[in-house]
Amino acid sequence: MYIVTSAQMRELDRYTIQDIGIPALALMESAGKAIAEEIIRFCQNRRLEHSHDTNGKLTDNHVLSSRVRLDRMFELPNVDQEHWLILVGKGNNGGDGLVAARYLREAGLGVTIMYAESPHTLQGEAAIQRDAAAALGIPRLVYGVDQVDYESYTGILDALLGTGALGAPRAAYAEVIAAANDSGRPIVSADIPSGLNADTGEMYAPCIAARVTVCLAFLKRGLVQFPGAGAAGELVVRSIGIPADRCAGEQGICHLLTENVLRSRLHVDPTRRRDPNGHKGTYGHVLLAAGSYPMSGAGLLASRAALRAGSGLVTWALPGNVLPHMMGAAPEVMLAAAAAADWDAASAEQLLQLAASRDVLAVGPGLGRFVGDGRWIQRLWEDAACPLVVDADALNMLAAAGDFTSWKSRAADTVLTPHPGEMARLAGLSTQEVERDRMGLAISYASSHRVTLVLKGARTVIAAPDGSAYVNMTGHPGMATGGAGDVLTGIIAGLLAQGHSGIQAATFGVYLHGLAGDAAAAHRGHPSSLAAGDIIEAL
Ligand SMILES: NC(=O)C1=CN([C@@H]2O[C@H](COP(=O)(O)OP(=O)(O)OC[C@H]3O[C@@H](n4cnc5c(N)ncnc54)[C@H](O)[C@@H]3O)[C@@H](O)[C@H]2O)[C@@H](O)CC1
Ligand SMILES: [K+]
């Protein structure tokens, strides 16, 4: 599933209408019908829940004739008890709402249209829909002229603002959004919740809090990033006749990370079949530089995760003052002293020697900072010939070192795994600025710095150097727990060691990490009880 910006959506609309020749009115008809169908589905579910609540089993009303297969539109029992208020803005989003009003009326629901502005302001296709609704005699109100009792309706369709909206809702729109939210009635949004920035996920004040959002054609970035993802409620994407193949070659088009995308687009086999004739050398050797005196557990978690991700061998390089304490802590992991006492600048040489015969170098978890660490990370960056994963304190070293684009460029893949605070330091922004447009920032940073970037957080964004990006949906808030990031670094390193590319290892790693977190939470019984080690055990 593609994830687009409003500008990309406009271009796809233009292409479909002008180059392919499908009339705009036909697209609007599909959009409005899809929205009406989803409202009817919503009403059906509500009634089903209700009938389950009251007598524990389905009523006869739900049993349809076996001979006649009715359009879903006509399958709703007790429709006369439904009366929906259709909030209509003056653009094409409003036009979609007017089409939906016609179909809902056709299905027998009560509908009343409320225009946010004078209906005379509607133009083009939306004006045609306005006239059709009027010709059918659908009752209409106009904001500022007529009184509206929002609470007297069983539901509200929000067709005020779509992808053409700019900035915070103005004047009447803001007042209608606030009143709709205050009504407590379930709201279904057409395309995006009005008041949401479709590109960034920023919620303006006010913003519709939708129960369901019927997104048209393709997901919009703002719907899959928080806080917008929270405003959208249940997301349904409905196809309306805009050809998807056009997206395939587009630069900067993003994808929802699903198993199908992993297989077909990223050419990853999630089953990770192993060669029956393989040996431990077949599956790669991870070199991990991690841990320091008070934070040795980070290295332990990362190295164990690399093994569970399938790496044949893992060597954990750690400072001499920690190594004796880690003997036997993870018997499958080989230990190597990379510095006599604590980490020092000279340990870069030792690491490079070790890395020469390993398949990937991962640096950062629990490292801490030390004198000369800027030069240290630069040495590893410039001279490690194998793929490199940079996490945690090693990211802070990069940030402190300044413009690393002037360093000798790396031939092998580089994966950076910042959380929003580390991303802020890397990009010279505040954490709030990072959170305001996570996808936009991840995409521009990855392409300008020629790295694969994993911007962690709810709905982790993985951006590749070529401008493509993926949004992960696995995982849950219980994974916001100490050590979960170290586990992710270990997984990504383990996948790189097995020959996956930077973007393959980053996407598959993030996906697996979330999936394992979901399994571990199910096993624990509650997400809050999850600890990072549980993610490793669930891999
Ligand atoms: N061919 C197309 O372009 C299609 C568009 N579709 C629908 O059309 C939507 C996009 O339509 P439009 O581009 O007409 O734009 P919208 O309907 O999103 O709204 C833009 C209108 O609202 C006004 N406006 C903009 N920002 C505002 C603000 N902050 N406060 C108050 N008013 C504001 C503008 O004057 C403009 O007239 C999509 O979200 C989708 O619902 C669908 O009908 C499918 C086909
Ligand atoms: K809307």
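Colleague: Let's start with Ala-484: which helix is it found in?
Modeller: Keep in mind that this is a predicted model. In it, the residue belongs to the run 484-497. That run is helix 18.

Colleague: And is Ala-484 buried or exposed?
Modeller: Leaving aside neighbours within four places in sequence, Ala-484 has contacts with Met-479, Ala-532 and Ile-535. The cut-off for burial is 20 or more other C-beta atoms within 10 Å. Ala-484 has 23 of them, so the residue counts as buried.

Colleague: How does Ser-529 come out, buried, partly exposed or exposed?
Modeller: Ser-529 sits in the loop between helix 19 and helix 20 (532-538). Exposed means 12 or fewer other C-beta atoms within 10 Å, and buried means 20 or more. Ser-529 has 13, so the label is partly exposed.

Colleague: How sure is the predictor, and what is the mean pLDDT of the chain?
Modeller: For the complex, the predictor gives an ipTM of 0.98 and a pTM of 0.93. Along the chain, 95% of the residues reach 70 or more, and the mean pLDDT is 93.

Colleague: Where does the pLDDT drop below 50?
Modeller: Where pLDDT is low, predicted coordinates shouldn't be read in detail. The stretch in question has 6 contacts in the model beyond near neighbours in sequence. Its pLDDT is below 50 over residues 54-65.

Colleague: On to ligand 1: which helix gives the most to its shell?
Modeller: There are 29 residues around ligand 1, and Gly-91, Asn-92, Asn-93, Gly-162 and Gly-164 come nearest. By class, the shell splits into 14 nonpolar, 10 polar and 5 charged residues. Helix 1 (6-20), helix 2 (24-55) and helix 3 (92-106) each supply at least two of the shell residues. With 5 residues, the one that gives the most is helix 3.

Colleague: How far apart are the C-alpha centres of domain 1 and domain 2?
Modeller: The domain assignment has domain 1 as 2-51 + 69-250 and domain 2 as 260-272 + 279-538. Their contact takes 8 residues from domain 1 and 8 from domain 2. On the domain 1 side, those residues are 4 nonpolar, 2 polar and 2 charged. The C-alpha centres are separated by 42 Å.

Colleague: Where does the largest nonpolar core lie relative to the two domains, and why?
Modeller: This core has 167 residues, and Ile-86, Leu-87, Leu-157, Leu-288 and Leu-361 touch the most other members. Its largest share, 10 residues, comes from helix 19 (residues 502-524). Domain 1 and domain 2 both give residues to the core, so it lies between them.

Colleague: Any odd backbone geometry? Which residue does a cis peptide bond join to Ala-205?
Modeller: Most peptide bonds are trans, so cis ones deserve a look. The bond from Phe-226 to Pro-227 is cis, with omega near 5°. Pro-227 lies in the loop between helix 6 (221-224) and helix 7 (228-232). In the other case omega is about -5°, and Ala-205 is joined to Pro-206.

Colleague: What is phi of Ala-392?
Modeller: Most residues other than glycine have a negative phi. Arg-272 goes positive, near 45°, and that residue is partly exposed with 14 other C-beta atoms within 10 Å. Ala-392 is in helix 14 (residues 392-401) and is buried, with 24 other C-beta atoms within 10 Å. Its phi is also a positive value, near 50°.

Conventions:
Residues are numbered from 1 along each chain as its sequence is written. Chains are lettered from A and ligands numbered from 1 in the order in which they are written. This is a predicted model: local features need pLDDT of at least 70, side-chain atom pairs count only at pLDDT 80 or more; totals for chains, interfaces and linings use all residues. A residue is near a molecule or strand if its C-beta atom, placed from the backbone, lies within 6 Å of it. Helices (H or I, at least four residues) and strands (E, at least two) are DSSP runs, numbered from the N terminus. Ala, Val, Leu, Ile, Met, Phe, Trp, Tyr, Cys and Pro count as nonpolar, Asp, Glu, Lys and Arg as charged, and the others, Gly among them, as polar. pLDDT is the predictor's confidence in each residue, from 0 to 100. Two residues are in contact if their C-beta atoms, placed from the backbone, lie within 7 Å. Domain bounds come from an automatic or database domain assignment. A nonpolar core is a set of buried Ala, Val, Leu, Ile, Met, Phe, Trp, Tyr and Cys residues joined through C-beta atoms within 7 Å.
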